[in-house]
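User: Could you take a close look at one part of this model for me, the second largest pocket, and then walk outward to the parts around it? I'd like the cut-offs spelled out as you go.

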Amino acid sequence: MPEVIFNGPAGRLEGRYQAAKEKNAPIAIILHPHPRFGGTMNNQIVYNLFYMFQQRGFTTLRFNFRGIGRSQGEFDHGMGELSDAAAALDWVQTLHPDSKNCWVAGYSFGSWIGMQLLMRRPEIEGFMSIAPQPNSYDFSFLAPCPSSGLIIHGDKDRVAPPKDVQVLVDKLKTQKGILITQKTLSGANHFFSEHSEELLAECADYLDRRLAGELSDSRPKRLK
């Protein structure tokens, strides 16, 4: 798993990158939790998601947002971090021009950034939004949400109360042309304490089913 440094909009960004064997393999970008609350690319959930995608033949990248680890710059309340994520995807795509499709997975703050990236990049065909915080961040930009995906959270989450997540899910489920899959883990808090294995298993099952052609709208995606 090579350590990489690539150029971002506020300076160098530090990441961990694993290329797939197939030149046209899909790309997966994993986005970490809030930089001001200890979030880094080495978060255990982010780390496990990285390997989950890598084991399924994806070219995979996780990286530190600006101001974290060896990444340069300062926290920018989401605007700059979205630019970091776009630069990260650009960097991987430059190395893998034959890769046409991409997935984005984000945890907590990272899920908010990931969903915004989804709106800007039509090549993103699937997403995983883990413990999103619609009570703290505005998700109204998902109008409409362009891709099918998974929203997974715990029913004991006090950081992102389930009732607020449910409002977001219900709104997205009214949209045509996509399929939103929701998983609520019983007893899990925002950090998935003692539920991390269950979380990973649900994410892996969802990805496997999507790769098998399930859990998405049958109509062709825009770029295909």
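Analyst: Fifteen residues would be a lot to list, so here is the centre: the second largest pocket is lined by 15 residues, and Pro33, Phe37, Ser108, His190 and Phe191 lie nearest its centre. Its volume is about 240 Å³. The lining divides into eight nonpolar, seven polar and no charged residues. Here Ala, Val, Leu, Ile, Met, Phe, Trp, Tyr, Cys and Pro count as nonpolar, Asp, Glu, Lys and Arg as charged, and the others, Gly among them, as polar. A pocket is an open set of points on a 1 Å grid over the protein atoms alone, with protein on both sides within 12 Å along at least five of seven lines; a cavity is a set where a 1.4 Å probe fits but cannot get out, and lining residues have an atom within 4 Å of a point. Points are joined across faces, edges and corners, and a volume is the space filled by probe spheres set on them.

Please keep in mind that this is a predicted model, in which local features need pLDDT of at least 70 and side-chain atom pairs count only at pLDDT 80 or more, while totals for chains, interfaces and linings use all residues. Residues are numbered from 1 along each chain as its sequence is written, and side-chain values use heavy atoms, with hydrogens and water left out.

Back to Ser108, one of the residues nearest the pocket centre. Ser108 is found in the loop between β5 (102–107) and α3; helices (H or I, at least four residues) and strands (E, at least two) are DSSP runs numbered from the N terminus. Ser108 counts as buried because its relative accessibility is 6%, where buried means under 20% relative accessible area, exposed over 50% and partly exposed in between (1.4 Å probe, protein chains only). Ser108 also has a positive phi of about 60 degrees, although it is not a glycine. Most residues other than glycine have a negative phi, and most peptide bonds are trans.

His77 has a positive phi of about 60 degrees too, and is not a glycine either. His77 lies in the loop between β4 (59–63) and α2 (79–95) and, at 55% relative accessibility, counts as exposed. Phe75 is placed in the loop between β4 and α2 as well, but Phe75 is buried at 15%. Not counting residues up to four places away in sequence, Phe75 touches His34, Pro35, Arg36, Arg66, Glu81 and Phe109, with contact meaning heavy atoms within 4.5 Å. The C-alpha atoms of Phe75 and His34 are separated by 9.6 Å, and the two are 41 residues apart along the chain.

His32 sits in the loop between β3 (27–31) and α1, and is buried at 0% relative accessibility. Beyond four places in sequence, the residues touching His32 include Gly39, Met41, Phe63, Tyr107, Phe109 and Gly110. His32 and Asp84 are 52 residues apart along the chain, with 12 Å between their C-alpha atoms.

Phe63 leads on to the interior: its contacts, with neighbours within four places left aside, include Phe6, Ile29, Leu31, His32, Asp84 and Ala88. Phe63 is also among the residues with the most contacts inside the largest nonpolar core, which has 38 residues; Ile29, Leu31, Leu61, Ile113, Phe127 and Cys145 are the others named. A nonpolar core is a set of buried Ala, Val, Leu, Ile, Met, Phe, Trp, Tyr and Cys residues joined through side-chain atoms within 4.5 Å. Helix α3 (residues 109–120) gives the most to this core, with six residues. Apart from it lies another core, of 26 residues, among them Ile45, Met52, Leu185 and Cys203.

Ile45 and Cys203 also help to line the largest cavity, together with Asn48, Leu49, Ile130, Ser196, Leu199 and Leu200. About 30 Å³ of space lies in that cavity, and α5 gives the largest share of its lining, four residues.

Finally, two prolines. A cis peptide bond joins Ala143 and Pro144, with omega about -5 degrees, and Pro144 lies in the loop between β6 and β7. Pro134 lies in the loop between β6 (124–130) and β7 (149–154), and is partly exposed, with a relative accessible area of 23%.
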